[in-house]
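Please look through the sequence and the structure shown below. The report that follows takes up a cavity, then a strand and its partners, and then a single residue.

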Amino acid sequence: MWRSLGKIHPRKPAPGTAAARTAFSSYSRTLASTSLSKANIPKPKRSIDKYDPNLAGFFGSKAVTASGSTTDNGTGTSNTARFTMLLPPPNVTGYLHIGHALTASIQDSIVRWRRMRGESVSWVPGMDHAGISTQTVVEKKLMREQKLTRHDLGREAFIKEIWDWKELHGDRITQQFRRLGASMDWEESFFTLDENRTKAVKAAFIQLFGDGLVYRDTRLVNWCCALETVISDIEVDHEDIDGRTMLNVPGRLKKVEFGVLHDFAYKVDGDELQELVVSTTRIETMLGDEAVAIHPDDPRYKHLHGLHVIHPISGKRLPIICDPELVEMEFGTGVVKVTPAHDPNDYACGRRHGLPIVNILDKDGSFNANCGSKAYEKMNRFDARDKIVEELKALGAYRGKNEKHAMRLSRCSRSGDVIEPMVMPQWYIKCDGMAQRALKDAENQNLVFHPKSSIKDWNRWLENIQDWCISRQLWWGHRIPAYKPVFEQHSILQKTHFPTDTGDGPWFVADSEIEAAHQIQKFLADKGLEETPYKIVQDEDVLDTWFSSGLLPLSALGWTGYPLAKMTPGRYPTNLIETGTDIMFFWVAKMVMLCTHLSGEVPFKDIMFHAMVRDAQGRKMSKSVGNVIDPTHVIEGITLKDLKATLEGGNLAVKEVKRSQTQMEKEFPRGIQASGADALRFALVSSTQQSRQINLDLANVTSAQHFANKLWNLSAFYSRTRLGDLEYVSSVTSETVLAQGLAEFRKSASKKQQLSLVERFIMSRLADTVGKVNGGMDQLEPSIATDTARKFIIQDLCDVYVEFIKPVLASEDQNSIQQRDSVLKVLQTCFDASLRMMHPFMPFVTEELWQRILPESAAGSTSIMVSSFPSPSELESWKDETAEKDMEMTLGLIQASRSLRQSHQVPMSKELPFTVWTSDESLLVPGGALLESQSSLSHFTRSIGDINLASSSSNDLVVDPSVMAVHIISPELKLLSPLSAIKDAIAEAAIADAAKAAEKAAVAAGAGGEGAVKKQEQELKRLNKKLGNVQSELEKLGVRLGRPEYSERVPENVQQLDTKRKVDLLAQEEHLLTTIRTLGNGF
C-alpha cells in the first residue's frame, strides 16, 4: 500500500492569498510545521523539545512508581476481571541479558494492555536462587579472591557468603527491570529461598512423599565431576564427534582426547591361547569391568558359555555372560565389556545378570580403592587413560585403536564437564501419572498453547518422561527435609527392616528434626527397640532448583502448604505463563505437574512461548563469544572501552576474556549507541514474529528509535496546531478515546457525511487498526499489534492525514476555516488513540507525550497507563470501506503523477497540466471520490490550475500516445498530461540546469539540453529492461494458466490471485509501452 507523499512543492497561488505565503514540506520523513501565525500561539503546558531516548519524563513524578506500576495494582471491585501472571524469575547469578529483556517486554505489554482495559492486574516478580549456578559463581569468586574452597569455610559460612552476594546482585537486577519500564507488583516480589517459599517447598515435598510420589532409590545417575553433583537428563547436552577430537574439559590445563576406539584382550581363564577382544572409547572404565558379554547365538563363542576371563590389570576373574539385548553379533568382535556402575546399558545388563555394581570413582572423578590397582588410586580418570594403555601394551593385551570412530559425548550443560555415569542413592519423583494428567489437560484444552505448534513438543516429551531425580549434592538450596537415625550398634541395621532404606538409610521425611524424632521413636517402639541409642542426621543434599520453581504458581501467591481454600479468592490459578521455549520442560511442564497434583487444577490456562534470542548472525549469545548484550547498554549506550571492561573481574578465564574482547571489537566497533527503553522494547516485541529464533540486530532497535522520534514529531505538530486554533481543547480530559466533539458526528449520519474524504478515511483506518491491535493482543500475538499500530501511525496518520490537512490549516479561505473544527477533532482523536495503543510497547515516550496534551485542570495523578484502551466497539461505526477505497485511488493518482514525472525526467518544481480519465461515471458526480478530492489532487500532483476530470464519454479528450503521456492506474483509471507541456517543462528545467552549470564552468546553454537527452536515453534503457521483465512474467503466468489441469487442481483463492496478477501485469505492460513510445517519438 502506497502512503508517503514525499516532498511537495507549492502550486503557484494567486497573489495576495494566504496560500501564497505558505510552503509545505514533509521531506526526510519528518513532519513540517505549518506557517500559522505564531503571534497568537500560546506556549504549550510543556515545551516540545527534541526527542531524548533516555527520557524518564512523567515517571516517578506522579502517583505511579518509577517503573510505571500503580499503587493500587492488583486491587479492584469484586466485579473487576482479575489477571495474574508470574515473571519467570531470573537467576540471581548476575545481571539481566537481552533474553530477560524480551520476556519482560512481552509480558509488560500484555499487563499494560489488560490494565488499560480495566482489569485488576497482578504481575508478580521474583528471583530464583539458582542452586548450581550461584554456588559455582561464588565458589570461583572465593578461589579467585581468597584462595579458599567452600569446604575451607564450612557450610554455614559459605551460605552466608552467597547471601551477601545475592543482596549485591539482586538489587542490580531489580534496577534493570525498572529501567526497562516493567510495571510489576514489586510489593509481591519473592525470592525462591525466602521464608514463605521455604515453607511451601517443605510442605510440597512432605505431601508428595505421603502420596507415594517421592521416593529414594539407588540408580545410575548423571554425575558432573566438576560440580560434584547429580544433574537431570534434560540438563545433559549431547555433542557428536567424528573421529579423534581434542576437547577442553573443566579443571584441566591440557585438552582431552575423544573419538578414539581402543581394543584390548581378555584371556580366557584356563586357556591362555584363547582371548576375547573388546572395544571401548572409555578405556579407563575397564578397571570397573565385572563381566564380558557375548550373544547366546553367536557360533564363534558357543564353546565359551559359562567360562571366565582374567582381568589383565587386577587379575580378577570375570564371568562370560550371554546377553542378546546388550550384544550385537555383527558389531566389532561381538564381545562387549560390562561396567555396571559406569554405563547405562551395562547397568541394565548387570541388573539382569545379578552382577556386582561397584563404583570405582570418587565424586571428583578420581579412582578409589575399588579400582583394583593401587597404581591408579587417587588418579584422575583422564590422566589414567594413557597409563592404562601403556600398561596394557606392556602386558601384551593392547590390540590397537581406531581414530575415526564417531561417537556422541554427554556433557553437563552447567559446567561443560564430561558426564560420568555413577551409581548412588538419590531422591526421585514418580512422573508418569502426573504427566498423563498434563497430557489430558492439553488435549481437553485446559491448557492452551501459543503457538499451537508447541503442543507437539509438549506431547513428545511427556509421553516419554522418566522419573525425576530431585536431589543435588550442593549446599545452596532447599535442604531436603529427610532425616535418618545413626545407630551406635550397626547390627541394628541388619536385623530390622526400615522404610525408604536404599542401603544408606533409613530415612524419615518430616518438617523438622523434632517431628522426625517423634517418627523415629514411634517406629522403634513398634519394633521393640525404643531404648536403642541413636543420633539424628539430616540429609546433606538440597532439592533441584526446578522443584522450588515448579511450585511458584502456588508459592509466589502465598501458599505455604495450607489448603487452597485459605488462599485469597481469585489468586489461583493464574491466567498466563509466558517464557522461552528452552525451559518448556525444565519449568513449565514441572509447574503443571506439581501444581495440578497439589491443587487439583492447572496453574494457568494459557501457555505462551517465545523463541530464543540470538545475535544478528543467528549465533547463541555467550560471554565467551562476546555477543551477550546487557539491555541497559542498549538503553543508555556504552563505549567500546567500557563494554570490554564489563568482562573483567568476572569468572571468565583470562584467555576467554581476551578472546571475548576481540570479538566485541568486531561486533561493536563503536560501542553501543543509546536507543532508550522504548525502542528496545518495541524492537523486541516486534521481533516475536520470528517463530524459530529471534536474530536481534541492533539496527532494528535504531529503527524503533526513529519511530519513537516520529511520535515525538507528531506531537510537536499536534501541539502547535491545536494550541493555535482550538481553545475548547482545554476542557478535554482525554479520558475517552473519542475526542470531545466527535461524538456529534458519530451520532448524526447527516453530519458524518460532511466529513471530508481524508477524515472518513483516517477514522476508518483507526477503527480497523484498533480492532487488529486488540485482536493481536487478545490472541497473544503482540507483534501483530506493534506492526499494525506502527503502520497506522506512519503510513496513514503521518504520511496521509497530516499531509492532507496541512493546506486546510494553512489556508485562510472560508471553506478551510469551516473545515478546521472537524479536521482538528479527528487529529486529536487519532493522536490520542495512537498514544494509548502504543503505550503497552513504548511506555516512556507515550506517557510523556500524553501528559503534554492534558489540560492544565487534569488531576495530578492522571496517567495514560490507567486510562482506557481504544476498543473496537466504540469505533465500529466509523468503518468505511468506500472511503478507504476512494482514498487509495486518490493516493494512486498522486503516485502516478510522480512516476510519470520520473519517467520523463520532469522535476517536481515544474507544474504540469494533468487530466484524470475514468470510465466510472460515479466518481465524477457531486460527492464522488474524484470530485471530492480534486483540490487535494491538484495540490499534490503539482497541477497547473485545478486538475482536469474527464470520463470515457468526454468527446474533447484525445487519448493519443503521440500527443499525451499516459500512466495507467487500472483499466478504469488513467492519468494524462500533454507531451507538449512535458517538453516545455523539461526544456525549462534544462535551461535552468544549464544556467547553474554556466556559473561554475561557463558551459553553453545547450549543454543542459544534451544532458537531458542523455538522461532520457538512460531512462528508455531502464524502461525497456523493466518491460522485458514484465512480459517474461506474463509469459510464464500464461503458461501456468493454460495448463489443462489448472482449473481443477489449483485452489480457487490461488486462481483469483493469479487472475489479479495478470490484470496488474497487463496494466504495467500497457503503461510501459505508452511511456516508451512517448519518449521515443517525442524526443
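## An enclosed cavity

In this predicted model, helices α5 (195-210) and α13 (552-555) each supply at least two residues of the lining of the largest cavity, and α5 gives the most to that lining, with three residues. The whole lining is made up of T192, R197, A200, V201, S548, L551, L552 and S555, and by class these comprise four nonpolar, three polar and one charged residues.

A search of the whole structure finds one cavity of 30 Å³ or more, and the volume of the largest cavity is about 30 Å³.

## Strand β12 and its partners

In strand β12 (residues 291-294), A291 and A293 point one way while V292 and I294 point the other way, and all of these residues are buried.

Strand β12 is joined by four bridges to strand β15 (residues 335-338), with the two strands running antiparallel, and in this pairing V336 of β15 is the bridge partner of A293. With strand β14 (residues 317-322), by contrast, β12 pairs in the parallel sense over three bridges, and here V292 stands opposite I320 of β14.

## A buried valine in β2

Residue V121 lies in strand β2 (residues 120-124). Because its relative accessibility is 1%, V121 counts as buried, the cut-off for that class being under 20%. Although V121 and V111 are ten residues apart in sequence, their C-alpha atoms are 6.6 Å apart in space.

Conventions
Residues are numbered from 1 along each chain as its sequence is written. This is a predicted model: local features need pLDDT of at least 70, side-chain atom pairs count only at pLDDT 80 or more; totals for chains, interfaces and linings use all residues. Side-chain values use heavy atoms; hydrogens and water are left out. Buried means under 20% relative accessible area, exposed over 50%, partly exposed in between (1.4 Å probe, protein chains only). Two strands pair if DSSP finds at least two bridges between them. On a 1 Å grid over the protein atoms alone, a cavity is a set of points where a 1.4 Å probe fits but cannot get out, and a pocket is an open set with protein on both sides within 12 Å along at least five of seven lines; lining residues have an atom within 4 Å of a point. Grid points are joined across faces, edges and corners, and a volume is the space filled by probe spheres set on the points. Ala, Val, Leu, Ile, Met, Phe, Trp, Tyr, Cys and Pro count as nonpolar, Asp, Glu, Lys and Arg as charged, and the others, Gly among them, as polar.
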